[in-house]
Amino acid sequence: MKIYIKTYGCQMNERDSEAFAGMLVKAGHTMVSSEEEADVLLFNTCSVREQAERKAIGKIGYMRKLKNRRPDLIIGATGCMAQRLGNRLLEELPHLDFVLGTGQLHTLVPLVESIRADRRQVASILESEAVLTGMGSHFRPAADPGNWHAQIAITRGCNRFCSYCIVPYVRGREISRERSDIVAEAKELVASGAREIMLLGQNVAAYGLGGNINPPPPGHSPFAELLEELDRIPELLRIRFTSPYPTYFNDRLIGAIAASRTVCHNIHLPLQSGSDRVLREMNRQYTRDSYLGVVDAIRSAMPDVTFSTDVIVGFPGETDEDFEQTREVMNRVGFDNSFIFKYSPRPGAKSAERVDSVPREVKEERNRILLEDLRARVEKTLKQQLGTTVEVLVEGVSPRNPERWCGRTGTNRLIHFEPVDGLQPGMLRQVRITRAGSVSLFGELI
Ligand code: 5AD
Ligand code: SF4
């Protein structure tokens with residue numbers, strides 16, 4: 001069969017889509033890049049904000065026309081919204097053939113094949129630990145210029161229950177994969193050309209802690225042990241990871257990152273809010289000061305480190321003063337990148353029981369202010385890079401200008417340059433910075 005996958009949401013969903021593609025191709029099916037060519041349409045959906053759900057429902061609804069023309073077409077919804085709505089989604093969208101939840105990823109191939117044989121509507125949303133077996137599949141066509149990069153999911157689910165978040169309900173309890181499976185997967189990816197690996201999990205730093213929601217004691221970090229083992233894979237050049245919960249950065253983990261050859265000095269450290277009162281109501285287990293303490297500890301071990309973050313504006317009851325505290329913490333840390341989200345109540349998550357009290361215009365204004373702060377900050381820090389020489393991992397042709405190539409520093413800065421003969425994606429090269437743009441840098445290979 002010919003399969004088309006459309007992915008919504010986060011990197012974990014992208015990774016699940018790739019695992020789906022890997023399993024399907026291994027079973028003899030083919031991936032296609034347009035809906036018209038496909039025998040099976042998969043919509044891998046997201047639930048984290050209402051907007052994401054609305055988009056996917058709209059899109060799947062629109063596919064009814066295609067199905068009327070081609071009744072053999074199989075349409076399925078997977079991912080977090082599929083998990084959250086289950087049978088309700090089949091009722092709302094009667095042309096949908098199946099709903100496959102996040103705990104049943106490994107059953108996709110037999111499910112699709114059985115639906116082709118005996119057309120029936122199926123909702124499969126049980127949580128199952130067997131899901132770990134399907135997580136190692138990859139889809140890496142030999143000639144793909146993007147093969148220098150690969151992603152590995154090291155945990156599934158989340159046990160933290162931040163009050164605004166639907167993830168623990170739709171992705172289930174946190175489970176970690178075996179370290180030997182992850183290392184074997186990394187070695188295989190490196191053998192097929194990967195030079196940078198992104199480790200994924202809702203809270204990667206909880207890796208190997210058995211779902212315990214208390215951060216590990218000083219001196220103990222199974223995640224650090226994993227990083228150290230991956231660091232020894234000879235041709236692997238870079239390791240990145242996302243996202244770690246701030247309080248899991250102890251001395252052991254920070255020391256392992258600082259001492260490693262490959263782990264990038266760019267840390268995504270979700271802040272969510274800079275107000276202690278809001279943090280408490282979000283059920284985040286840190287304060288403004290303890291968050292800043294983590295930033296300082298990481299910075300003193302790695303002075304060149306850059307940080308990025310996630311922030312929510314307009315959480316129920318967020319006052320101007322709370323917001324100013326968020327702004328102040330963001331400016332103090334000097335994030336190189338921030339993902340700012342307007343609060344969206346998620347039915348099922350704890351905070352949805354509260355009135356969504358901050359008006360939309362206020363959320364938009366706070367969002368705008370943080371984006372403007374970010375823009376000004378990035379412009380300034382990029383200018384400071386002028387004249388320096390940095391190491392980049394070559395990514396390939398620049399997306400906006402085919403005459404140029406681009407690469408990224410370990411600190412996650414994007415640099416454009418003129419290519420030279422023999423340059424290949426996945427090489428490490430030195431670049432002298434000659435010009436600073438508003439979001440990226442320009443330089444010369446040396
Ligand atoms: N509303 C707005 N943003 C949210 N996030 C998670 N849940 C919500 C919500 N209900 C944001 C958090 C998280 C990121 C992935 O999405 O900032 O870190
Ligand atoms: Fe959601 Fe909090 Fe878990 Fe992140 S740590 S997935 S925000 S519950």
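In this predicted model, Leu441 of β19 is the bridge partner of Ile415. The two strands concerned, β17 and β19 (residues 441-445), run parallel and are joined by 2 bridges. On β17 there is also a pairing with β16, this one in the antiparallel sense and extending over 4 bridges. Within that pairing, Trp405 stands opposite Phe417 of β17. The hairpin formed by β16 and β17 has 4 residues between its strands, and Asn412 in this hairpin adopts a positive phi near 75 degrees.

The two strand pairings can be set side by side as follows.

| Strand pair | Sense | Bridges | Opposed residues |
|---|---|---|---|
| β16 (residues 405-409) and β17 (residues 414-417) | antiparallel | 4 bridges | Trp405 and Phe417 |
| β17 and β19 (residues 441-445) | parallel | 2 bridges | Ile415 and Leu441 |

A helix elsewhere in the sequence, α14, can be described in similar detail. Helix α14 comprises the 14 residues 320-333, for which a rise of 1.5 Å a residue predicts a span of 20 Å, and this agrees with the 20 Å that separates its end C-alpha atoms. The buried residues of α14 are Asp322, Phe323, Thr326, Val329, Met330 and Val333. Because these buried residues fall within an arc of 120 degrees when α14 is viewed down its axis, they line one face of the helix. On the other side of α14, by contrast, Asp320, Glu321 and Arg332 are exposed.

The buried residues of α14 pack against several elements, namely the helices α12 (276-281), α13 (288-301) and α15 (360-383), together with the strands β13 (306-313) and β14 (337-342). After α14 comes Gly334, which has a positive phi near 70 degrees.

Turning to the protein as a whole, the model contains 15 helices and 19 strands. Its radius of gyration is 22 Å, close to the 22 Å that the globule rule gives for 446 residues, so the protein is as compact as a globular protein of that length. Taken along the principal axes, the C-alpha atoms fill a box of roughly 65 × 60 × 40 Å.

Of the 446 residues, 55% are buried. Among contacts with a separation of 6 or more, 73% are accounted for by residues 24 or more positions apart. The accessible surface of the protein amounts to about 19,400 Å², and carbon and sulfur atoms contribute 50% of that surface.

Technical notes: Residues are numbered from 1 along each chain as its sequence is written. Chains are lettered from A and ligands numbered from 1 in the order in which they are written. This is a predicted model: local features need pLDDT of at least 70, side-chain atom pairs count only at pLDDT 80 or more; totals for chains, interfaces and linings use all residues. Side-chain values use heavy atoms; hydrogens and water are left out. The expected span of a helix is 1.5 Å times one less than its number of residues. Buried means under 20% relative accessible area, exposed over 50%, partly exposed in between (1.4 Å probe, protein chains only). The arc is that of the directions from the helix axis to the C-beta atoms. Contact means heavy atoms within 4.5 Å. The radius of gyration is taken over C-alpha atoms; the globule rule is 2.2 Å times the number of residues to the power 0.38. Accessible areas come from the Shrake-Rupley method with a 1.4 Å probe; for residues, only the protein chains shown count as cover. Two strands pair if DSSP finds at least two bridges between them.
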